[in-house]
Amino acid sequence: MSSHQPVVVLENVGVTYPNGHVALEGVSVSLAPGKIYGLVGVNGAGKSTLFKSIMGFVKPTSGQVLIEGKGVWEALRSNLVSYVPQTEDVDWNFPVLVEDVVMMGRYGHMGFLRRPKAADKAAAAEALARVGMEKYSKRQIGELSGGQKKRVFVARALAQGGEIILLDEPFTGVDIKTEESLITLFRALVAEGRLILVSTHDLGSVPYFCDEVVLINRTLLACGPVETTFTQENLIRAFGGMLRHHRMAGDDLHDDTDARRLTVLSDDERPLVLYGEAGGEKIVTGAKDGKP
Amino acid sequence: MMEMLLEPFSYVYMQKAIAVCGLVGGVSAFLSAYLVLKGWSLMGDALSHSIVPGVAIAYMLGFPYAAGAFFAGVLAALSMAMVKKASGLREDTVIGLVFTTFFAVGLLLVSINPTAVNIQAIILGNILAISDSDIFQVALISGISLFVLLLKWKDLAAVFFDENHARSVGLKVDFLKILFFTLLSATTVAALQTVGACLVIAMVVTPGASAYLLTDRFGRMIVIAVVLGSVTSALGAYLSFFVNASTGGLIVTMQTLIFLGVFLFAPKHGVLRARWRRRAA
Ligand SMILES: Nc1ncnc2c1ncn2[C@@H]1O[C@H](COP(=O)(O)OP(=O)(O)OP(=O)(O)O)[C@@H](O)[C@H]1O
Ligand SMILES: [Mg+2]
C-alpha cells in the first residue's frame, strides 16, 4: 500500500457523447495513492465525464483507463473504487432507510446472500457517524434535505471502503461544518494510503486540503502539486473570464511603497487568496493554518 | 357448519387448487413489490398479451404451449429493456410499443392458422379445471421462482434502487436484470393458467401497492406483499368452491378491498392518518 506507483492511470482518454459533443480529448494523468487530488474546471469542463469514464459508466471513445493495472470492470468487481456522483439518480420514494442505503455500500464484502456480518454493521455505523448522520439512520431516504442526502451517499462510499475514492462535488449544498469534518476525514483516509479524487468549485479550499490539482477544460490543462500548479496563471487558463477576480494592490492596501498586492480569485465559494509581489505571490490559506 | 367449511379440503382437486393458487399468488406478489417501485406495473398486462405469438407458434410446431408462452414472454421483456435503454423513451411508452407489437403478431398468426380455441383456454385460465400435469408445471415454475427470489432479493433491490452503484460494488447488473425478467415471464405464464390474463396484471400490482403504503423498508414490503398475495389467492380458490364465481375475480376483488383499506388507514402513508396528523400538528 505504501508504494507510490500510480494506481489510476488514464491514457489519452477521449469521450465523445452520442450527440457528437466532445467532452474530453487526449487526457493522460496518473494518480498515486496517499494523496488527495483536486479536480478543477468550469461548468462543462468534463469533470463529471472524467469520473464516469473512470467508473466505466461512459466508455472512452479513445484511450483507456487502468486501475491498479486492471480494466475498469475487474477493478469494480474487486471492490477497489467508491464513487459519489454529482447528482444521485435514484428513486427517492424507494422504501429504504438511510442505514439500508449505507449498508448497500458493503454488498461487495458480503457473501452470496448479502447477510451483513458484525464487521459490515460496524463499518456502516461508523461511516454514518463520520458524516454526522447517525441520528437519521431510521429515516426513509427521501425524507432528508439535499445536503443530508449528499452526506448519506458519501457515507455509503466510505462504508464501501475502496482504496480509491472518487467524489464529484461532495461539498455542493453541504454546510461549512460538514465540509470541514469531511475534509478532516479525507485527510485521515489518504494518510492510510488511499487515493481520493475530488472535484470542487470551492477554489479557496483546494490548497487547504488537496495535495495535487488536476485542471481540465475538455483537455488536461495542468496537473501537479498545489504549490506549483495551482497558480493564478493556470487558473485563468482554466476559467477564462468565468472567474471572479478582485485585485487590491499598492495604494488600495498600503500608504507605503510596498509592491505586494492581494489577489482574490473565486468561482462561487470560498475565494482563493494570493498575496505578495507580482510573480511571487503566495497562497493565503487564512485562519485555518494550512492542512490539518 | 364446521363440516361445511372444511368440505373443500376433502376434495383432492380443491386441495391442489388452493395450494397452487397460494403459491402463484405469493410469487406474483413478490415480483409486484419490484414492479410497483419501478413504475413497471403494466408489465404484467403487457407480458400476458405478449405470449400469444409464442403460444400460436408452439401450437403450429407441436411444442407445449407453456414453453412457447414463456419464450415469447422472456423475449418481450428483454425487448422492452433493450428498447428502453437504446431509445431513452419512458417505460410506459416502451411497454405499450413492445406489447402491442407482440400481440399483433400473435393475432396475425392465429388468423392465418386458426388455433383460437386453445389460446382462449390459456388466456382465460381456470384453476379448477386445470389438468394434473399443468398443476405440477405451475407449482414447479412458481417454486423455482420463489427460491431464486429468496436467494437474490437483496441484489435485485440494489439494482432497482441504484443501478450504477450496484455496478460499482461488483454486482452483475445485466445478469440480474435478465434474471428478474425471466422470473417475471415464467410467473406470468404460470399465473395465466390459474387466474387468466386480465387478472394477472392485478396480481403483479395490487399486493405490492398495498405493501408499499405500509412500510418504509423493502424487506418488509416484500413480506407483506407475499402474505397478502398468497392468503388472498388461497382464500379465493377456497371461496370459489361455495360461490359459483371465477376464482381470479374473487382473488382480485379481495386484493383490491385490502388496498382500499390500506390506502385509507395505513399508519404512515394512509390518507386519513396523514390528514389527522397534519391537523394535530
Ligand atoms: N449525456 C450527455 N450527452 C451529451 N453531452 C453531455 C452529456 N453529459 C455531459 N455532456 C456535455 O459534456 C460536457 C462535459 O460535461 P460534464 O458533466 O463532464 O461537465 P462538468 O465539468 O462536470 O460540469 P459541472 O461543473 O457543471 O458539473 C458538457 O459540455 C456537457 O454539456
Ligand atoms: Mg459535473
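**View 1. Confidence of the predicted model, chain by chain.** In this predicted model, chain B has a mean pLDDT of 86, with 95% of its residues at 70 or more. Chain A averages a pLDDT of 87, and 89% of its residues score at least 70. For the complex as a whole, the predictor reports an ipTM of 0.85 together with a pTM of 0.86.

**View 2. A low-scoring segment of chain A, residues 287-292.** Throughout residues 287-292 of chain A the pLDDT remains under 50. The model nevertheless has 13 contacts for this segment beyond four places in sequence, and a reader who inspects those contacts should keep the pLDDT of under 50 in view.

**View 3. The shell of residues around ligand 1.** Ligand 1 is surrounded by 15 residues, of which A:Asn43, A:Gly44, A:Lys47, A:Ser48 and A:Thr49 come nearest. By class, the shell consists of 9 polar, 4 nonpolar and 2 charged residues. Helix α1 of chain A, which spans residues 47-55, gives the most to this shell, contributing 3 residues.

**View 4. Polar atoms of chain A beside the oxygen atoms of ligand 1.** The side chain of A:Ser48 places an N or O atom 2.7 Å from an oxygen atom of ligand 1, while for A:Gly44 it is a backbone N or O atom that lies 2.8 Å from an oxygen atom of the ligand. A:Gln86 takes part through its side chain, where an N or O atom is 2.9 Å from an oxygen atom of ligand 1. On its own, ligand 1 has 630 Å² of accessible area, and the protein covers 68% of it.

**View 5. The hairpin of strands β1 and β2 in chain A.** Strand β1 (residues 8-16) and strand β2 (residues 22-31) of chain A pair in the antiparallel sense, with 6 bridges between them. A:Thr16 stands opposite A:Val22, a residue of β2(A). The hairpin has 5 residues between its strands, and A:Gly20 adopts a positive phi near 95°.

**View 6. The hairpin of strands β8 and β9 in chain A.** Strand β8, covering residues 212-217 of chain A, and strand β9, covering residues 219-225, are paired in the antiparallel sense over 6 bridges. A:Asn217 has A:Thr219 of β9(A) as its bridge partner. In this hairpin 1 residue lies between the two strands, and A:Arg218 in the turn has a positive phi of about 70°.

Definitions and conventions:
Residues are numbered from 1 along each chain as its sequence is written. Chains are lettered from A and ligands numbered from 1 in the order in which they are written. This is a predicted model: local features need pLDDT of at least 70, side-chain atom pairs count only at pLDDT 80 or more; totals for chains, interfaces and linings use all residues. Side-chain values use heavy atoms; hydrogens and water are left out. pLDDT is the predictor's confidence in each residue, from 0 to 100. Contact means heavy atoms within 4.5 Å. A residue is near a molecule or strand if one of its heavy atoms lies within 4 Å of it. A polar contact is a pair of N or O atoms within 3.5 Å; within protein, one must be able to donate a hydrogen and the other to accept it, and residues adjacent in sequence count only if both atoms are side-chain atoms. Accessible areas come from the Shrake-Rupley method with a 1.4 Å probe; for residues, only the protein chains shown count as cover. Helices (H or I, at least four residues) and strands (E, at least two) are DSSP runs, numbered from the N terminus. Ala, Val, Leu, Ile, Met, Phe, Trp, Tyr, Cys and Pro count as nonpolar, Asp, Glu, Lys and Arg as charged, and the others, Gly among them, as polar. Two strands pair if DSSP finds at least two bridges between them.
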